Amino acid sequence: MGMIGRSLGKGGRATLMNQIGLVLGIPAGGWHNQAKLFKHGDLRLLGLLHVMSDERKANFVAGNLGRVARLTRANVMMALVIAFREHDTAITAHGTKPVNTYYEGGLDFLGKQKDQLRLPRAVTKHWHPLDRFENLETHNYVYPAEIPAGDQMIAYAAQEAASFENNFVQNVRNEFGGDGYAAVTGASRGALLVWQAYAFLSPGGRPYDPKKKLADQLGQQFGHRSALGFFSWRARGAGRKPSLDQVITDRSLDHLVWLQSAKTRAAETLCLERLLKRTRELLPY
Amino acid sequence: MRTFSLVSLILTASVGVSPHSGNASAPTWERVFDGKENEWPSAIAATGQDAVFVGGAWGISTVTSAGTTIDSTHGHGVLGLFVESSSSVYAVGEGELISHFDGKKWSEEHVGFLPPRNQRRLFSEHMLYRMHFDNGSDEAIAFGVVLVLVKQPNGTWAAPPQTERDKLLETGAVGPELPNGPSHCDGRAWHWFGRDRAFFSCDDHRAFIVERGRVTPKGKVPRQCGSTVGALAYATGEVYATCGTTLWKTYGGTWRRIEAPNVRAKQFSSIAFADDCIFIAGGRTVWRSCGH
């Protein structure tokens, strides 16, 4: 996969990503903040492709992805994208050296949630919840865990799946009401990938309040639940049933950093899936 | 810089609570600290009924019957307070902060670089939030996510060599090997109370106290607490614990819920115990209940 991706060349990679971006509502060239798709004129994913082109490292990546596929219900390519963005060394990590999941990035509540991730006990029995920390600015608490280095990708993948299955699905019911089931079954794949990434980045959020200005509600607290509430309100106001595809057709929230990051990760996931498909086509077996 | 302030008064307005049926006790709570707008306690400690320390982003407030004094930590927010004895209390926090109370006053023993708040990657390399004491060397050890500092004989603090650092960090985070520990204690969650004393629980909710290497079972952590409790305090062989805004105490191998003060917060931030009094911080307030 890594070699095929690299062989596309800078132009080929950019064309592929911009085509994907068009579907997800990402401007050509991507955004220019922490949600950037491109770096120095090429895909930010190029770093991952280089890792996957190194046979030794690729073996570690493959081993980790194999465990993710066997042990979790996550989208494997999205797990790879998330791990690479949160803490790039996680994708090749192996062994039992203990790591602190907060320091490694993106797993702030693993200590509290480890029993809710539907992972085998054979895995989680080696995960130790650590003393919680306080964020002195927000007064929220972080609940990290100490886990074996080789379990990082499993943790990211399981968290991705849990955020989607537990938080997102429940929030669709809460915000879309009786139209929730139809919305999930009728959503496009691209839209679902965006929501999946958004749910991992921001598992909750304040309920959207249509009595207040949108601009006053945006920010860190505007999680995926807030976005669901916003789109539901927009659709009903126009006499339509809410749809999860509004996340890619309605550009009202595109300046929200959470959503930009979610779309970026969804785009990278689709790009990797495209490369995987091409790889399978070329393999003789 | 010590400043004398009447920020808080020890009020005697008690909060009467009707007795609970079943297993809960009905303590009387009184406010001992009401923080100003930016004074949210992140840690509390107590050395006596009338000596409580409250730490947070502003520094340390020492609350006694004579009033409240504030010791600023100059932007280095306090994340942990640890009592070694009535004449030795440590505060640790952001930017490698380590301060020490000698029974009379606070002194800054160590600070390091503090990144600007908008660039600060919280809970990162500059943070210290816990302490423990090495049994073999009797050294005080402050640790955070990756940072470990060991108190030297001359009173300064220094980072140990890498291999020793990893071992100290591991012991601080998940505790030492326990030759007499329970069997099949998976996913051990460890909390140091101080020298030679700690609490830990297992994945199956079994709870234990460790004192000088001796492990004592303390029943099972209530299911309401999920896989982790919030704040913990040691009280003469028993444990007080918070889960969200509920307060629990062990009675041998049983956990009983205790009526807690009504707070407008999602959870209690810290608890402490001294002289038969339990102190609990929620929101910007610290409460006290005595006679336990």
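Buried means under 20% relative accessible area, exposed over 50%, and partly exposed in between. The views below come from a predicted model.

**View 1. The salt bridge between R251(A) and D254(A).** The side chains of these two residues meet at 3.9 Å, N to O. D254(A) has a relative accessible area of 11%, and because this value falls under 20%, D254(A) counts as buried. Its partner R251(A) is partly exposed, at 47%.

**View 2. The salt bridge between D250(A) and R234(A).** The N to O distance between the two side chains is 3.1 Å. This pair links distant parts of the chain, with the two positions 16 residues apart in numbering. D250(A) sits in the loop between helix 14 (246-249) and helix 15 of chain A, while R234(A) belongs to helix 13 (residues 224-237) of chain A. D250(A) is buried, with a relative accessible area of 11%; R234(A) is partly exposed, with 36%.

**View 3. The salt bridge between E86(A) and R265(A).** Here the side chains meet at 3.1 Å, N to O. The two residues are 179 residues apart and link distant parts of the chain. E86(A) lies in helix 5 (residues 76-86) of chain A, and R265(A) lies in helix 15 (residues 257-282) of chain A. The relative accessible area of R265(A) is 7%, so R265(A) is buried. E86(A) has 22% and is partly exposed.

**View 4. A network of salt bridges.** Three residues, R73(A), R118(A) and E165(A), are linked in this network. Over all chains, the structure holds 26 salt bridges. Side chains of opposite charge can pair when their charged atoms come close.

**View 5. The largest nonpolar core.** This core has 85 residues. Those with the most contacts inside the core are L80(A), I91(A), W127(A), W195(A), Y198(A), L244(A) and L272(A). Helix 9 (residues 152-176) of chain A gives the most to the core, with twelve residues. In soluble globular proteins, nonpolar side chains tend to be buried together.

**View 6. The surroundings of L244(A).** L244(A) is one of the residues with the most contacts inside the largest nonpolar core. Leaving aside residues up to four places away in sequence, L244(A) touches three phenylalanine and valine positions written as F168(A), V172(A) and F176(A). L244(A) also touches A183(A), V184(A), A187(A) and A191(A). The list of contacts is completed by L192(A), W195(A) and L228(A). W195(A), like L244(A), is among the residues with the most contacts inside the core.

Key. Residues numbered from 1 in each chain as written. Chains lettered and ligands numbered in written order. Predicted model: local features only at pLDDT ≥ 70, side-chain atom pairs only at ≥ 80, totals over all residues. Heavy atoms only, no water. Core = buried A, V, L, I, M, F, W, Y, C linked by side-chain atoms within 4.5 Å. Buried < 20%, exposed > 50% of the residue type's maximum accessible area, 1.4 Å probe, protein only. Helix = DSSP H or I, 4+ residues; strand = E, 2+ residues; numbered from the N terminus. Contact = heavy atoms within 4.5 Å. Salt bridge = Lys/Arg side-chain N within 4 Å of Asp/Glu carboxyl O.
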